[in-house]
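Work through the exercises below with the model open beside you. Try each task before you read its solution.

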Amino acid sequence: ISLMLLASCKPIEKKNDITTDKVSTKTTLAKFEPAGDKVLLFVGQELEAVGGLEDYNDGYLDHFDRKPAGWTTYTNINPGEDSFGRIQDGLDGIWDTADWGDNDYNATLQLENSNYENMALAIGLQFVHHEEKVASGEHDEFINRLADWLLTLGERPVFLRIAYEFDGTPWNHYEIEPTVAAYRKMVDMIRAKGVTNTAFVWQSTGSMSTQEQLEAWYPGDEYVDWLGTSFFNNWMKIEMFEFARKKGKPVFIAEASPTISDPDAEPNRGITLETNLGNPEQAEQAWKEWFVPFFKAIEENKDVVKAVHYINCHWDSHRMWYDNPTFKKIDARLQLSEEITKRWNEEISDSKFIMSSPTLYQDLYNNK
């Protein structure tokens, strides 16, 4: 989960626009990559945001009739680290309910509920400060436990975002060489266990690295199924779309939530305007200045963008974001605004968006 995203207050000309009639002509698709200009819709990210559970019943699944194709959760391999008062065990939030400052996570609770049937799962996995231990083998027990758990999910498609936002140095502090080695090691070990239901996603912030810097972080085509990017207030500077074209890989917009840079703030500080979708004026501004560009980016980059994840989060109610310059004044819950809900439903009713269905798994394995 990104702690902050730096953005310039002065908009710059977007470099990655392409003509809207461009569609991928690749003959070989990546694992779980939908054909043509289809786009998988995910929603996340913690239990409160997604909902659909007895004790978490005011989230996306409780307010929108059309169930998305998937949802997102998070976990870690950083045992012993203190995260907002919680000492992490490693793989937190998979089997038991855990709150490391961003509200409750429990993937098993979701997997066991019928409301989550026919949905793919995207997992953000971080190991900040532990990349050398992962690479050296010191944390092999966690990788093996994760692989064993992935095997229990059967045919459910999983998108594993290893060391997500690796280049977000103001908050993640990953080192290039051990992080690349750790990424490769995890992929090798998970594959060696016989896991076939998991696509490996290599997610940058998308906008904080140049093409050359992305290349330096890249673990290699054989280790990457999908490329990932975030889409927050610095969306105009995303480099990942062009990088994906070079690599012939699909893009997962793996983190997206309405954030608007404060034009009066000091440049490159990541400070955003208050955006509460329950406030009609702020919701209208968010639609014009973030949602419209979001859907436009999907359309203009439809040759590479094949999955998106909307974070339906009450950011400013979670301890992790109280003092964060990007998210401390954000409430991105779509259901707070009738107008936003209406427009959102209109956008995702487009036939290009893939939603949950009884044939979803089969379609993804067969690249339909």
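The exercises cover aromatic rings, a helix pair and some backbone angles.

This is a predicted model: local features need pLDDT of at least 70, side-chain atom pairs count only at pLDDT 80 or more, and totals for chains, interfaces and linings use all residues. Residues are numbered from 1 along each chain as its sequence is written, and side-chain values use heavy atoms, with hydrogens and water left out.

**Exercise 1.** Classify the ring pair Phe32 and Phe159, then place both residues in the chain.

Solution.
- Start with the rule. Rings of Phe, Tyr and Trp (its six-membered ring) pair if their centres lie within 6.5 Å; planes under 30 degrees apart are stacked, over 60 edge-to-face, and the rest tilted.
- Apply it. The ring centres of Phe32 and Phe159 are 5.8 Å apart and the planes meet at 55°, so the pair is tilted.
- Now locate the rings. Helices (H or I, at least four residues) and strands (E, at least two) are DSSP runs, numbered from the N terminus. Phe32 is in the segment before strand S1 (39-44), and Phe159 is in strand S6 (residues 158-162). They are 127 residues apart, so this pair links distant parts of the chain.
- Check burial. Buried means under 20% relative accessible area, exposed over 50%, and partly exposed in between (1.4 Å probe, protein chains only). Both Phe32 and Phe159 are buried.

**Exercise 2.** Do the same for Phe232 and Phe327.

Solution.
- The centres of Phe232 and Phe327 are 5.2 Å apart, with 75° between the planes. This pair is edge-to-face.
- Phe232 is in the loop between strand S8 (226-231) and helix H8 (240-247). Phe327 is in the loop between strand S11 (305-311) and strand S12 (330-331). The two are 95 residues apart.
- Both Phe232 and Phe327 are buried.
- Widen the search. The whole structure holds 37 aromatic pairs. One aromatic cluster includes Trp287, Trp290 and Tyr310.

**Exercise 3.** Which charged ends sit over the rings of Phe32 and Tyr164?

Solution.
- The test: NZ of Lys or CZ of Arg must be within 6 Å of the ring centre and within 35 degrees of the ring normal.
- Over Phe32 sits the charged end of Lys31, 5.1 Å from the ring centre.
- Over Tyr164 sits the charged end of Arg161, 5.1 Å from the ring centre.

**Exercise 4.** Describe how helix H5 and helix H6 pack.

Solution.
- Two packed helices are described by the angle between their axes and the distance between the axes.
- Axes are lines fitted to C-alpha atoms, for helices over the stretch in contact; angles run from 0 to 180 degrees between N-to-C directions.
- H5 (residues 140-152) and H6 (residues 176-192) pack at about 45°, with axes 9 Å apart.
- That makes H5 oblique to H6. The cut-offs: under 35 degrees is roughly parallel, over 145 roughly antiparallel, 65 to 115 roughly perpendicular, and the rest oblique.
- Contact means heavy atoms within 4.5 Å. Among the contact residues are Ile143 and Leu146 of H5, and Met186 and Ile190 of H6.

**Exercise 5.** Where does the backbone show a cis peptide bond or a positive phi?

Solution.
- Most residues other than glycine have a negative phi, and most peptide bonds are trans.
- The bond from Gly44 to Gln45 is cis, with omega near 15°. Gln45 lies in the loop between S1 and helix H1 (47-50).
- Phe32 has a positive phi of about 65°. Its relative accessible area is 1%.
- Asn118 has a positive phi near 60°. Asn118 is partly exposed, at 26% relative accessibility.
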